[in-house]
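Reader: I'd like to go through the labels on this one and see what backs them up. Can you take me through it?

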Amino acid sequence: INNDSKKRSNIVQNKIFVDSFYKIQNYFDDYDKTELFFSNPTDNKIKFFLNNKFYELETNSSLILKSMKEKTFTIRSNCLFLRPVVFNYRNDFLDVFHA
C-alpha cells in the first residue's frame, strides 16, 4: 500500500531456477470431496504441480480444482508461498481453511 496510486501486484514472488515444495498438513481421505482454490496475484504466469500433475495459472487469474480425492496434497511451484484455499465436504458439512 502506498500513496502514489500505482498498482503493485507482485507481492508474491516467482523463482527462476529452484522450485518450492509444500505439503498441506492435513489428511483428506475421510472427506467426500475436496476442492482447492489457487489464485495468481502476480504479473507472471505461475507453473505448478499438484501431486505430480501439471497446472498453469495465468497472470491475475484463479483456478478451482474440483472433486479432488486424495489422501495428501503436495505442491511444487516456481512461486513462493503458493497456498490454496481448501474446501472439504463431508455429508452436510463444509470445512474451509487456508493451506
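**Labels and their cut-offs**

Author: Let's start with asparagine 40, which counts as buried at 2% relative accessibility. This is a predicted model, where local features need pLDDT of at least 70, side-chain atom pairs count only at pLDDT 80 or more, and totals for chains, interfaces and linings use all residues. Residues are numbered from 1 along each chain as its sequence is written, and side-chain values use heavy atoms, with hydrogens and water left out.

Reader: Why is asparagine 40 called buried?

Author: Buried means under 20% relative accessible area, exposed over 50%, and partly exposed in between (1.4 Å probe, protein chains only). Asparagine 40 has 2%, so buried it is.

Reader: And what makes proline 41 partly exposed?

Author: Its value is 37%, between the two limits, so proline 41 gets the middle label. Proline 41 sits in the loop between E2 and E3, while asparagine 40 is in strand E2 (strands are DSSP runs of at least two residues, numbered from the N terminus).

Reader: How do you know that the side chain of asparagine 40 makes a polar contact with the backbone oxygen of asparagine 44?

Author: A polar contact is an N or O pair within 3.5 Å; within protein, one atom must be able to donate a hydrogen and the other to accept it, and residues adjacent in sequence count only if both atoms are side-chain atoms. Here the distance is 2.8 Å, so the pair falls inside the cut-off. The backbone oxygen of leucine 57 is 3.2 Å from a polar atom of that asparagine 40 side chain.

Conventions. Helices (H or I, at least four residues) and strands (E, at least two) are DSSP runs, numbered from the N terminus.
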